[in-house]
Amino acid sequence: MMESVGMYGLCGCTAKNKMRCDSRWEITASEAAPTSAYSSPARSLGDTGITPLSPSHIVNDADPNVSEQQTFLVVVAVDFGTTSSGYAYSFAKEPECIHVMRRWEGGDPGVSNQKTPTTILLTPERKFHSFGYAARDFYHDLDPSEAKQWLYLEKFKMKLHTTGDLTMDTDLTAANGKKVKALEIFAFALQYFKEQALKELSDQAGSEFENSDVRWVITVPAIWKQPAKQFMRQAAYQAGLASPENSEQLIIALEPEAASIYCRKLRLHQMIELSSKAAVNGYSSSDTVGAGFAQAKEHIRRNRQSRTFLVENVIGEIWSELEEGDKYVVVDSGGGTVDLTVHQIRLPEGHLKELYKATGGPYGSLGVDYEFEKLLCKIFGEDFIEQFKIKRPAAWVDLMIAFESRKRAAAPDRTNPLNITLPFSFIDYYKKFRGHSVEHALRKSNVDFVKWSSQGMLRMSPDAMNALFKPTIDSIIEHLRDLFQKPEVSTVKFLFLVGGFAEAPLLQQAVQAAFGDKCRIIIPQDVGLTILKGAVLFGLDPAVIKVRRSPLTYGVGVLNRYVEGKHPPEKLLVKDGTRWCTDVFDKFISADQSVALGELVKRSYTPAKPSQLVIVINIYSSELDDVSFITDPGVKKCGTLRLDLTGTSGAAVPARREIQTLMQFGDTEIKATAIDIATSKSVKVGIDFLNY
């Protein structure tokens, strides 16, 4: 990017909170024509021109105009996961008690059910029917011909990560191949959690609990792009958790941040240390992966009846070893994605600062399921598997449930084979489809590791199961290796391994082998609930996260005086005798720049023509740092501020009328405001990534 008031005559806010601006530069913002995201702000010019008035970049820890924080009786956090979901809550008057939701109906052998599967069932008329185990079991019990009419969806959260051009109209595909609006499905799911939580709260309190008493927290992966985070908020509004007018009632929390907040409270008896750097709880590191985790699981099993967790209002022992400036990595490995975040401690309060922008990718435990599906395609043929999923969707779900429980039994030192029950309809349908038996297919395939057992099961050797984990685990380790090579990440003290997939001994062993000599590797005992509990703590005290990294570069589209030889000729626009350079991207903040929570960037402008009746400022974003023009590749429009300048008599308006433009950063939401100082009229807009 050019220096200060440099080559393109930008108004010169450098990334380092300095601003120099020369009032000779006239800057004009105007409404882009709706036909194109890249419409020049100049084409309708003359009527909306503005020029800067010695602007200033102001850094505030909080916006002084923000009213006192609303108080809520209870915080309810929803962990909306790819494979499983749940909620937990805490009353503001006893924040040390976190209650995990009551037991779900249903459940699978070998799988703990403190959360419920993220599955949803709609009736043939597309009305909400059920969620979780109830949805899965009802769907499973339907007659196959009837099941085809119902809309069953699972693992649909990944669509928000994988869709490049996410909008409010993005579709999901149900198991029967029918399309349904993603926003509706997410809203149905959140509405279900809202009803369940309010009912449980009312039962516990002995009186009706109102939604207005609740602060909601929804967790999302840190690596999600801004449109996906906004999509989750829109779905929550549609579900009635909060409203745009009362947006503070809902916090969108980043999963690794939530985990980080919980980990700082850990006591020694609440964690397992894997690394070879030290023995903990009397275990040497070689014992820890197996024995330590087995003991922890037993401890969790005993505590499962008790759903209330005490979080002591102290800093845990591990945390107390951290000093000002110490760094640690949170590896949040869930069903769909793996999120890596680097935090740094800021004393005295122990606030968290995000040191390096979140990275990661689609390397969740679903990757193991895909490998299993690929193995089935290799044995039985891709054409058969595709047909089976469409023709017998409920039986396919059954097969994947059977695989899930065996997947959880995989371990580095396992020697006996793992048996996966094939549903009867799989065996039956295969015979009709191919004209020979499943057993015949296994014999003919060149897959040595998988045999057929006479009890109607696939018998997999431990090596075969481990091979299914390998691509996903390799991706996680490779990503961590890349991260550890970044200068910001050198000298990391701890690595916290959290999320549902962190329960997998194979992943634990791989992380220990690769990084045990670099830092101490810590796993909280109830690792699958870490994010949920941390999200509750975040809702009780949102100020604990102090500094984040901006995922995008933000700026406005402006016009500058055209300078011969510096500006591209195609950007020249002559208006009323003045030569303008059009389409200039005036940067407010850069991608990966540190942003304090609530930080304000403020600029002042004045109308180029005293007779002007309206000012329109378009806001743009880009993943790149080096942006010169709003027409550059990857620049997207994400907001418009339209300020009406009518309603004041000429006498009351100073000759150089001040229009302030403010952008407030730091939360997962970003707000922009324009204020006419003469009339105190103002307009606000939330940055919008879904509707432009």
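Student: Is Phe138 buried, exposed or partly exposed, and why?

Tutor: Happy to start there. The general idea is to compare relative accessibility with two cut-offs: under 20% is buried, over 50% is exposed, and partly exposed lies in between. In this predicted model, Phe138 has 33% relative accessibility, so Phe138 counts as partly exposed.

Student: Where does Phe138 sit, and what does Phe138 touch?

Tutor: Begin with the element, then look for partners beyond the sequence neighbours. Phe138 belongs to helix α1, residues 133-141. Setting aside residues up to four places away in sequence, Phe138 touches Leu121, His129 and Trp150. You can also compare sequence with space: Phe138 and Ala394 are 256 residues apart along the chain, yet their C-alpha atoms are 9.8 Å apart.

Student: Ala394 makes me curious about helix packing. How do the axes of α1 and α11 cross?

Tutor: Here you read the approach of the axes and the angle together. The axes of α1 and α11 (residues 393-407) come within 8 Å and cross at roughly 130 degrees. That angle makes α1 oblique to α11. As for handedness, the crossing is left-handed.

Student: Which residues make that contact?

Tutor: From α1 there are Arg136, Tyr139 and His140, and from α11 there are Pro393, Ala394, Val397, Asp398 and Ile401. Sorted by character, the contact of α1 with α11 has 5 nonpolar, 1 polar and 2 charged residues.

Student: Could we try a residue in a strand? Is Thr661 buried or exposed, and why?

Tutor: Use the cut-off of 20% again. Thr661 has 2% relative accessibility, and therefore counts as buried. Thr661 lies in strand β31, which spans residues 659-664.

Student: What is Thr661 in contact with?

Tutor: Leaving aside neighbours within four places in sequence, the contacts of Thr661 are Phe588, Val601, Lys602, Arg603, Tyr605, Ile617, Leu641, Thr673 and Ala674.

Student: And for a whole helix, how many residues of α6 are buried?

Tutor: For an element, you count its buried residues. Helix α6 (residues 255-263) is mostly covered, with 9 of its 9 residues buried. Among them are Glu255, Glu257, Ile261, Tyr262 and Cys263.

Student: What does the protein chain look like in total?

Tutor: Now step back to the chain totals. The protein chain has 16 helices and 33 strands, and 58% of its 692 residues count as buried. Its exposed area is about 28,500 Å², with 50% supplied by carbon and sulfur atoms. For contacts with a separation of 6 or more, residues 24 or more positions apart account for 71%.

Note on methods. Residues numbered from 1 in each chain as written. Predicted model: local features only at pLDDT ≥ 70, side-chain atom pairs only at ≥ 80, totals over all residues. Heavy atoms only, no water. Helix = DSSP H or I, 4+ residues; strand = E, 2+ residues; numbered from the N terminus. Buried < 20%, exposed > 50% of the residue type's maximum accessible area, 1.4 Å probe, protein only. Contact = heavy atoms within 4.5 Å. Areas by Shrake-Rupley, 256 points an atom, 1.4 Å probe, with all protein chains shown as cover. Axes fitted to C-alpha atoms, helices over the stretch in contact; angles between N-to-C directions. Parallel < 35°, antiparallel > 145°, perpendicular 65-115°, else oblique. Left-handed = near helix turned anticlockwise from the far one by under 90°. Nonpolar A, V, L, I, M, F, W, Y, C, P; charged D, E, K, R; others polar.
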